[in-house]
Amino acid sequence: MEIIKTSIEGLVIIQPKVFEDERGYFMESYKENFIKENFPDIHFIQDNESKSSYGVLRGLHFQKPPFEQTKLVRVINGEVLDVAVDLRKNSSTYGQWESFALSGQNKKQL
């Protein structure tokens with residue numbers, strides 16, 4: 001897996017290694033020791049899956065302490081435009097935003 005930094009402090013893209021052949025492909029979407037080594041403050045406790053119909057706009061997801069969550073977002077089929085906004089008032093990148101195309105083709109995780 002490769003870590004690609006973004007312009008927002010603490011926000012990264014994880015690009016997994018994808019092994020393809022005539023049967024399809026294989027990739028590790030999550031690996032505990034990779035997360036522990038690269039993100040020691042993250043405690044991965046939950047994995048969710050959501051399906052949206054074409055044209056659906058999902059809402060802004062933000063939790064204040066003590067309910068904050070670190071998220072790992074990926075798309076299995078199709079494509080989404082994921083927009084991240086830094087709402088942390090004490091952050092050096094407060095108010096900045098960046099958008100990312102996540103798809104079943106590029107396998108990027110945010």
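Two residues are in contact when heavy atoms of theirs lie within 4.5 Å. In the protein, if attention is limited to contacts between residues at least 6 apart in sequence, 53% join residues at least 24 apart. The model described here is a predicted one, and the paragraphs below move from its overall make-up to a few individual residues.

The secondary structure consists of 1 helix and 6 strands. Following the sequence from its start, these elements come in the order β-β-β-β-α-β-β. A box of roughly 50 × 35 × 25 Å, taken along the principal axes, holds the C-alpha atoms of the protein. Of the 110 residues, 23% are buried. About 9,200 Å² of the protein is exposed, and 50% of this area is supplied by carbon and sulfur atoms. As for charge, there are 14 positive and 16 negative side chains, with 4 Å between the centres of the two sets.

A good place to begin a closer look is the pair formed by β3 and β4. Strand β3 covers residues 18-21 and strand β4 covers residues 24-27; the two run antiparallel and are joined by 4 bridges. Together β3 and β4 make a hairpin, with 2 residues between them. Within this pairing, Phe-19 stands opposite Phe-26 of β4.

The loop between α1 (32-38) and β5 (79-85) comes next, and Ser-52 is found there. Ser-52 counts as partly exposed because its relative accessibility is 36%, a value that falls between the 20% limit for buried and the 50% limit for exposed. The side chain of Ser-52 makes a polar contact with the side chain of Arg-58, at 2.8 Å. Measuring from C-alpha to C-alpha, Ser-52 and Asn-106 are 19 Å apart in space, with a sequence separation of 54 residues.

Lys-51 also belongs to the loop between α1 and β5. With a relative accessibility of 75%, Lys-51 counts as exposed. Lys-51 is 24 residues from Val-75 in sequence, while their C-alpha atoms are 9.5 Å apart. Pro-66 is another residue of the loop between α1 and β5. The peptide bond leading from Pro-65 to Pro-66 is cis, and its omega is near 5°.

Further along the chain, Ser-103 is found in strand β6, which spans residues 97-103. Ser-103 has a relative accessible area of 7%, so this residue is buried. Beyond its neighbours within four places in sequence, Ser-103 is in contact with Val-75, Gly-78, Glu-79 and Lys-108. In addition, the side chain of Ser-103 reaches the backbone nitrogen of Asn-106 at 2.9 Å.

The final stop is Lys-107, placed in the segment after β6. Although Lys-107 is not a glycine, its phi is positive, at about 60°. Lys-107 counts as buried because its relative accessibility is 11%, whereas Lys-51 counts as exposed at 75%.

Conventions. Residues numbered from 1 in each chain as written. Predicted model: local features only at pLDDT ≥ 70, side-chain atom pairs only at ≥ 80, totals over all residues. Heavy atoms only, no water. Buried < 20%, exposed > 50% of the residue type's maximum accessible area, 1.4 Å probe, protein only. Areas by Shrake-Rupley, 256 points an atom, 1.4 Å probe, with all protein chains shown as cover. Lys, Arg positive; Asp, Glu negative; His and termini not counted. Charge placed at Lys NZ, Arg CZ, Asp CG, Glu CD. Polar contact = N/O pair within 3.5 Å; in protein donor to acceptor, adjacent residues only side chain to side chain. Pairing = 2+ DSSP bridges.
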